[in-house]
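The following note sets out points for consideration on the model shown below. It proceeds from a single backbone feature to the overall form of the chain.

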Amino acid sequence: MSTILNENRLHSKFKTLDHKISELNDQKIVAFFESLGLTERSDVAKDFLKWENILIVVPNRHVSHELKYYKYAISRISFLTNPYADQIHIYDLKEWKSASGNKTQFQIREMLKTSFGGVKKTIKES
């Protein structure tokens, strides 16, 4: 005899609740992105809710520190600081893992100069 009276009903309730939690988390993500002004930008993917996990690339540690709380308050988001980025960008975390998978720290640093929000800085001669 099982301790749980109706295991199928319990799993069904869990599934329903997990679905509701997922929908609420999606609403958190949309609200967060709206507050950052990301939903109005044309360079931001509109299908970000379809991604399993979202990578938010921030341009400096100050911004990263300012947004740190949201990393813990919202599921499915991660942050990456790219000092070569000029603004906040979002990417599918799978894309980041695929691009950075077998690279050294130096290779990743070089890659960030031109991808994942990185903008190659040019030195102007006077």
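In which segment does F116 lie?

1. Backbone at F116. This is a predicted model, and F116 lies in the segment after α4 (105-112). The phi of F116 is positive, at about 50°, although F116 is not a glycine. Most residues other than glycine have a negative phi. F116 has a relative accessible area of 6% and therefore counts as buried, the limit being under 20%.

2. Backbone at R76. A positive phi, near 75°, is also found at R76, again a residue other than glycine. R76 is placed in the loop between α2 and β2.

3. Order of elements. The protein chain contains four helices and three strands. Read from the N terminus, these elements follow the order α-β-α-β-β-α-α.

4. Principal core. The largest nonpolar core comprises 17 residues. Within this core, the residues with the most contacts are F32, F33, I54, I56, I77 and I90. Two or more residues each are contributed by α1 (7-35), β1 (54-58), α2 (61-73) and β2 (77-81).

5. Surroundings of F32. Leaving aside residues up to four places away in sequence, F32 touches I56, L67, Y70, I74, I77 and F79.

6. Second core. Separate from the largest core is a second one, made of ten residues, among them L55, A85, Y91 and M111.

7. Nonpolar surface. F14, L17 and I21 form a nonpolar surface patch of about 300 Å². Of these residues, L17 is located in helix α1. L17 has a relative accessibility of 46% and so counts as partly exposed, since exposed requires over 50%.

8. Overall dimensions. The radius of gyration of the protein chain is 19 Å, whereas a compact globule of 126 residues would have a value near 14 Å. Along the principal axes, the C-alpha atoms fill a box of roughly 80 × 35 × 25 Å.

9. Burial and surface composition. Buried residues account for 30% of the 126 residues in the protein chain. The exposed area of the protein chain is about 9300 Å², of which carbon and sulfur atoms supply 53%.

10. Contact range. When contacts between residues at least 6 apart in sequence are considered, 63% join residues at least 24 apart.

Conventions
Residues numbered from 1 in each chain as written. Predicted model: local features only at pLDDT ≥ 70, side-chain atom pairs only at ≥ 80, totals over all residues. Heavy atoms only, no water. Core = buried A, V, L, I, M, F, W, Y, C linked by side-chain atoms within 4.5 Å. Buried < 20%, exposed > 50% of the residue type's maximum accessible area, 1.4 Å probe, protein only. Contact = heavy atoms within 4.5 Å. Patch = residues over 30% accessible without salt bridge, like charges linked within 9 Å, V, L, I, M, F, W, Y side chains within 5 Å. Areas by Shrake-Rupley, 256 points an atom, 1.4 Å probe, with all protein chains shown as cover. Salt bridge = Lys/Arg side-chain N within 4 Å of Asp/Glu carboxyl O. Rg over C-alpha atoms; globule rule 2.2 N^0.38 Å.
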